[in-house]
Amino acid sequence: MKHFLPLSPHIPANFFIPMKKAYLFLSLLFISFALLAQEVKPVKNVIMMIPDGTSIGVYSAARWFKYYNGMENKLHIDPYLSGTVSTFSSNAPIGDSAPTGSTYATGVLQQVGNVGIHPTVSDNDLFPVDANRTYQPAANILEASRIEKNKAVGLVVTCEFPHATPADFSAHHYNRGNYKVLAPQIAYQNIDVVFAGGNKILTDDIKNHFANNGTTLIQDDKEALLHYNGNGKVWALFDEKSMPYNIDKDLDKMPSLAEMTEKALEVLSKKPNGFFLMVEGSHVDWAAHANDPATMIDEFLAFDEAVGKVMEFAEKDGNTAVVIASDHGNSGFSIGSRNCSGSSKLSLEQLFGNVSKYKMSTVALESVLMDTKPEKIKETFKEYTDIDLTDEELETLLSSKNYKESDYTQVGTSNNLAYNIGKILNAKTCFGFTTGSHTGEEVLLASYHPQGDILKGNVKNTELNRYLQKVTGLEISLEELSDRIFAKHDKVFLGMNYTIDKKDKDFPVLKVKKGKNTLEVRAFSSVAKLNGKPFDIGSVVIYIDKNDTFYLPVGLVEKL
Ligand SMILES: [Zn+2]
């Protein structure tokens, strides 16, 4: 028998609950009611911060790492820790950035790969999925802040701008990898501030739109970003795709996450109606995937610096709420491992000495070693890690599949160089990793509210979204907004003469005729044409090929 545990107080019809489940159900119901009943005073500015893929052990390691290196063993986030978040997909207890970030943004549980969209029904659904809404874009908190509250909105991340988490808060599609349709959506959202990686992803169409909507575009120019003092919209992009890891960054040329966050706060706080800002430390997750502890700790500390800037702003402002939570765990990271016996006798030096000497990520060290002659490898390795390689370790590196130095090509094991570097570095630490993938434990929650109406306890990712809706002071729910701005074209233009032009298969155009009027709506844009004249729709139009449907505002019919 299949059983569902309802998330909110909606009991599916013909629902049979065994006795044990009934207790669980009732307590869940109670928690849901308690959260629904919580008074949350709306504030002017709302900030959501996400250290991507950060398991609890990373917080502990970051504190001790600071202490070992002569700093106070305290994080900026510490005074605001308030609970944990259980974060999962619609049909899997272990989350992924696209669905779980999307759930923070929209309140809708989704499947792996989904960005801001209702999922399909699957055999493994954890909670009931509404088949009638499959593929309908789910309006997010950024859209609601802009459309319903006329607030300014911003995204600050270190990955490329259409990567999962920023896309979760600004785009809609079933496939997170389809940058072709995610990137234009983010541009056509008319976002006030976007600081990220991804210059190579910009298209002529996006640049034209920036010229039309008055967006200042700063490219690979840290000075221009730091000196920006305009009042309009501003995008600053660095590097071709993602920005490099913080540990590998040339901070003379590229801003830190804290610098980008500070500038975003400066620009957004000038806006009269307040703002919504999402800040992501994108690369804690990537370093965890790579089982690279030095980089993971450094990335988290770079994120925590940004938390410091945000909390300083919020405390001073008095009208700003902040919620901080990772989107899922990653790598099963532990302080203490099978390598090191007698774990409770290990000293701070034994645990944090070697990792403090690693000066580069394993991927950056890989690219250095790729250009290093075999006889120089030991010397170069020592320079960046303070490790004297054994002959056996050297042999492992040289026999890495992708080590192809001009006068020395060896193809040995199937392992690549970065992986083998990581293995050597980790063998000199007492850190454990159980996997190179995501993990399903709850993540830490931090929350700040000027009147103390914080989010606390153990909450689900759906409940975190409900809190964001409340603290933003939305008069209508995100679901109601979704039905208003993402209605199916065959319902909106029912009985009218419409066709879908697929000459450009990635960007089909819906053409509707009534009397002398012709309306043309292009997929993934917020600009439509009435009798050839462009106008702003106010939200992004989504086209889903799987059901050949445009999702657009119900009000568009009145244009005809
Ligand atoms: Zn993630």
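Me: Is His489 buried or exposed in this predicted model?
Reply: The relative accessibility of His489 is 5%. The cut-off for a buried residue is under 20% relative accessible area. His489 therefore counts as buried.

Me: Which element holds His489?
Reply: The residue belongs to a helix that covers residues 489-492. His489 is thus placed in helix H19.

Me: Which residues does His489 touch, leaving out those up to four places away in sequence?
Reply: A contact needs heavy atoms within 4.5 Å. Once residues up to four places away in sequence are set aside, the partners of His489 are Tyr498, Ile500, Leu510, Asp548, Thr549, Phe550 and Leu552.

Me: Where does Leu494 lie?
Reply: Helix H19 is on one side of Leu494 and strand E18 (497-501) on the other. Leu494 lies in the loop between H19 and E18.

Me: Is Leu494 buried or exposed?
Reply: Leu494 has a relative accessible area of 68%. Exposed means over 50%. Leu494 is therefore exposed.

Me: How many Å apart in space are Leu494 and Asp536?
Reply: In sequence, Leu494 and Asp536 are 42 residues apart. In space, taken C-alpha to C-alpha, the separation of Leu494 and Asp536 is 22 Å.

Me: Into which domains is the chain divided?
Reply: Domain 2 is made of two segments, 38-333 and 436-483. Domain 3 (355-428) falls between those segments in residue numbering. The full division is domain 1 (1-37), domain 2 (38-333 + 436-483), domain 3 (355-428) and domain 4 (486-559).

Me: How many residues of domain 3 are in contact with domain 2?
Reply: The centres of the two domains, taken over C-alpha atoms, are separated by 34 Å. Domain 2 contributes twelve residues to the contacts with domain 3. On the side of domain 3, the number is ten.

Me: What is the radius of gyration of the chain, and what would a compact globule have?
Reply: For 560 residues, a compact globule would have a value near 24 Å. The chain agrees with this, because its radius of gyration is 25 Å.

Me: What share of the contacts with a separation of 6 or more comes from residues 24 or more positions apart?
Reply: The chain has 19 helices and 24 strands, and 56% of its 560 residues count as buried. Among contacts with a separation of 6 or more, residues 24 or more positions apart account for 69%.

Me: How many Å apart are the mean positions of the positive and negative charges?
Reply: The chain carries 57 positive and 68 negative charges. The mean positions of these two sets are apart by 6 Å.

Notes: Residues numbered from 1 in each chain as written. Predicted model: local features only at pLDDT ≥ 70, side-chain atom pairs only at ≥ 80, totals over all residues. Heavy atoms only, no water. Helix = DSSP H or I, 4+ residues; strand = E, 2+ residues; numbered from the N terminus. Rg over C-alpha atoms; globule rule 2.2 N^0.38 Å. Buried < 20%, exposed > 50% of the residue type's maximum accessible area, 1.4 Å probe, protein only. Lys, Arg positive; Asp, Glu negative; His and termini not counted. Charge placed at Lys NZ, Arg CZ, Asp CG, Glu CD. Domains from an automatic or database assignment.
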